[in-house]
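Q: Please take a close look at the side-chain pairs in this structure, with the aromatic rings in the centre of the account. Give the geometry and the surroundings of each residue you name.

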Amino acid sequence: EPTKQPTMAPTQKPPTLSPTHIPTSKPTPLPTLDPTTKPTLQPTQTPSNKPTSKPTNTPEPTKQPTKAPTQKPTCADKLNFNMCIAMDMSDSVCSSGCGEGVAFCCSNFSNMINFINGLITELGGLKTDHDFSVVHFGTTVTVASALESWRETIETVSQLEYTGGGTNLADAISSCQLTLAISPPDRNNFIVIIGVGMPSVSVLGVNPQDVAATAAMDARNQGTVIVPILIEVNTSVDDSQLTYLVDEISSGHAFASDFDDLNNLQDSLLEHLSCLE
């Protein structure tokens, strides 16, 4: 028999759009945490698979401190040279008179002789080619020796006798320069002046200081280096004398001392001389 009423019309929209897929057999892990607000600039490096057996060694400290500086200048053995020593024998050296005989006269003169011999001995020991000459001056000038070895020069200086007189610095410089005129071309020339007072001997009526300055300029123009040593009889250095020696006589540097401290000057003078070119 027919149904009493027809069935309801089907829905216009199916309940699902499409059937679900078969579930995956490997579901994803839990979702990641919220990202950090301060990410690192670069990821850390992957640790080494073969680490070193022990940390690298740092440099070991020196077992002993370095030696004290050498007593001889570092540039001493590179300069061939000739040197003239101009030695003051004026009245200013033994101003109190000769109490030790005519030859050495006074302790000041003896100290000067010892200082010169010590300086020549040190310079003579350098591994260079060198010779020395000696001039001494009072009112007049005497060339005690032309260029000779350091041993011969010490013998010459040891036999010098005090003369006294004025301070003829101009002729002393000119005479020293003459002894250096025969110097071999590969050597530097030096004049070391060991003096007490200002120039006092005039030449042809010219002011003694001016004529000495002219003689020094002539020597310097020939390439000679002049190094004066001002020896003070009193305890204080006369600034005007030292300024004159630096500005008018020297090649840029002068030394000052008294007779008793001459030997203490030797090391600094030696370094200065041996490092000049």
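A: The answer below goes through the aromatic rings, then the charged pair, then a helix contact and one strand residue.

This is a predicted model, in which local features need pLDDT of at least 70 and side-chain atom pairs count only at pLDDT 80 or more, while totals for chains, interfaces and linings use all residues. Residues are numbered from 1 along each chain as its sequence is written, and side-chain values use heavy atoms, with hydrogens and water left out.

Rings of Phe, Tyr and Trp (its six-membered ring) pair if their centres lie within 6.5 Å; planes under 30 degrees apart are stacked, over 60 edge-to-face, and the rest tilted. Three aromatic pairs result from this rule. One of them is the edge-to-face pair of Phe81 and Phe190, with 6.1 Å between centres and 80° between planes. Phe81 lies in strand S1 (residues 81-88) and Phe190 in strand S4, so the pair joins distant parts of the chain, 109 residues apart (helices, H or I of at least four residues, and strands, E of at least two, are DSSP runs numbered from the N terminus). Phe81 is buried at 3% relative accessibility, and Phe190 is buried at 1% (buried is under 20% relative accessible area, exposed over 50%, partly exposed in between, with a 1.4 Å probe and protein chains only).

Phe109 and Tyr162 make another edge-to-face pair, at 5.6 Å centre to centre and 65° between the planes. This pair also links distant parts of the chain, with Phe109 in helix H2 (residues 107-124) and Tyr162 in the loop between helix H3 (150-158) and H4, 53 residues apart. Phe109 is buried at 0% relative accessibility, and Tyr162 is buried at 11%.

Ring pairs also join Phe81, Phe132 and Phe190 into a cluster. Phe132 sits in strand S2 and is buried, with a relative accessible area of 0%. Beyond its neighbours within four places in sequence, the contacts of Phe132 include Phe81, Met83, Ile120, Leu123, Leu147 and Trp150 (contact means heavy atoms within 4.5 Å). The C-alpha atoms of Phe132 and Met83 are 4.9 Å apart, with their positions 49 residues apart in sequence.

Strand S2 also takes part in the charged pair. One salt bridge is found in the whole structure (a side-chain nitrogen of Lys or Arg within 4 Å of a carboxyl oxygen of Asp or Glu). The salt bridge joins Arg187 and Asp131 at 2.8 Å, N to O. Arg187 belongs to the loop between helix H4 (169-179) and strand S4 (188-195), and Asp131 to strand S2 (residues 130-137), 56 residues apart. Arg187 is buried at 17% relative accessibility, whereas Asp131 is partly exposed at 22%.

Elsewhere, the axes of helix H5 (residues 208-221) and helix H6 (residues 239-249) come within 9 Å and cross at roughly 40° (axes are lines fitted to C-alpha atoms, for helices over the stretch in contact, with angles from 0 to 180 degrees between N-to-C directions). H5 and H6 are therefore oblique to each other (under 35 degrees is roughly parallel, over 145 roughly antiparallel, 65 to 115 roughly perpendicular, and the rest oblique). Gln209, Ala212, Ala213, Ala216 and Arg220 of H5 meet Tyr244, Glu248 and Ile249 of H6.

Last, Ser257 is in strand S6 (residues 255-258) and is buried at 10% relative accessibility. Leaving out residues up to four places away in sequence, Ser257 touches Leu230, Ile231, Glu232, Leu262 and Leu265.
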